[in-house]
Amino acid sequence: AFDRSHLEDLLTAEPMDIVQAFREVHGLQLVYRPEVMRDICEWVASEGDNMIFIYGGDDPWTAAAIELDGSTNSIRIINPGSGHDADIRALSGTGRTQVFSALEQWLGVSIN
């Protein structure tokens with residue numbers, strides 16, 4: 001969803017069908033292990049610094065949004081009125097200020 005034309009000479013990966021990537025490939029049997037996602041969520045909440053999670057307020061997937069417990073400097077924004085397409089470009093007001101302030105702090109640069 002982002003313009004990456006200025007990076008084309010740096011990209012070496014072949015385009016991939018993302019749906020195919022999650023199917024059985026070359027006879028491999030995929031096994032669903034729900035504990036893996038729980039481990040990831042726990043790590044993100046307790047150790048995952050410098051992450052920004054942006055969710056749409058009208059997106060049903062927001063019901064499964066990551067829960068942050070304050071152990072990290074990561075932030076979670078729920079953008080009112082946005083759906084599944086919520087991203088940094090759609091932010092305004094407090095959410096936009098919070099995201100850009102965090103980025104300035106983490107990167108040590110000023111964002112105009």
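# A guided tour

Select Arg89, which is exposed, with a relative accessible area of 53%. Exposed means over 50% relative accessible area, buried means under 20%, and partly exposed lies in between (1.4 Å probe, protein chains only). The model on the screen is predicted: local features need pLDDT of at least 70, side-chain atom pairs count only at pLDDT 80 or more, and totals for chains, interfaces and linings use all residues. Residues are numbered from 1 along each chain as its sequence is written, and side-chain values use heavy atoms, with hydrogens and water left out.

**Salt bridges**

Keep Arg89 selected and add Asp87: their side chains meet in a salt bridge of 2.7 Å, N to O. A salt bridge here is a side-chain nitrogen of Lys or Arg within 4 Å of a carboxyl oxygen of Asp or Glu. Is Asp87 buried or exposed? Asp87 counts as buried because its relative accessibility is 17%.

How many salt bridges does the structure hold? It holds three. Select Glu67 and Arg76 for another one, with N and O 3.5 Å apart. Glu67 is exposed, at a relative accessible area of 55%, while Arg76 counts as partly exposed at 31%. Then select Arg33 and Glu35, whose closest N and O atoms are 3.0 Å apart in a salt bridge. Both partners are partly exposed: Arg33 has a relative accessible area of 48%, and Glu35 has 33%.

**The whole chain**

Now switch to a cartoon view. The protein has three helices and two strands, and from the N terminus on the elements run α-α-β-β-α. Helices (H or I, at least four residues) and strands (E, at least two) are DSSP runs, numbered from the N terminus. Of the 112 residues in the protein, 21% are buried. The protein exposes about 8800 Å², and carbon and sulfur atoms supply 55% of that area. Accessible areas come from the Shrake-Rupley method with a 1.4 Å probe, and for residues only the protein chains shown count as cover.

Colour the chain by pLDDT, the predictor's confidence in each residue, from 0 to 100. The average for the protein is 87, and 87% of the residues score at least 70. Where is confidence lowest, and where is it highest? It is lowest in H1, at a mean of 66, and highest in strand E1 (residues 52-56), at 95. Where pLDDT is low, the predicted coordinates should not be read in detail.

**The cores**

Select Ile75, Ile77, Leu91, Val99, Ala102 and Leu103, the six residues of the largest nonpolar core. Strand E2 (75-79) and helix H3 (93-107) each supply at least two residues of this core. H3 gives the most, with three residues. A nonpolar core is a set of buried Ala, Val, Leu, Ile, Met, Phe, Trp, Tyr and Cys residues joined through side-chain atoms within 4.5 Å. In soluble globular proteins, nonpolar side chains tend to be buried together.

Stay with Ile75. Which residues is Ile75 in contact with, leaving aside its neighbours within four places in sequence? They are Met51, Ile52, Phe53, Leu68, Gln98, Val99 and Ala102; contact means heavy atoms within 4.5 Å. Apart from the core of Ile75 lies another one, of five residues, including Val44, Tyr55, Ala65 and Ile66.

**Around Asn79**

Move to Asn79 in strand E2. Asn79 counts as buried because its relative accessible area is 6%. Leaving aside neighbours within four places in sequence, Asn79 is in contact with Tyr55, Gly56, Gly57, Ala90 and Leu91. Add Ser92 and check the C-alpha distance to Asn79: it is 8.3 Å, across 13 residues in sequence. Next add Gly93, found in helix H3. The C-alpha atoms of Gly93 and Asn79 are separated by 9.8 Å, and the two residues are 14 apart along the chain. Gly93 counts as partly exposed at 48% relative accessibility.

**Two last stops**

Select Asn50 in the loop between helix H2 (34-47) and E1. Phi of Asn50 is near 60 degrees, a positive value in a residue other than glycine. Asn50 is partly exposed, with 45% relative accessibility.

Finally, select Leu7, Leu10 and Leu11, a nonpolar patch on the surface with about 270 Å² of accessible area together. Patches are made of residues with over 30% relative accessible area and no salt bridge: like charges are joined within 9 Å, nonpolar side chains (Val, Leu, Ile, Met, Phe, Trp, Tyr) within 5 Å. Leu11 sits in the segment before helix H1 (18-21) and counts as partly exposed at 43% relative accessibility.
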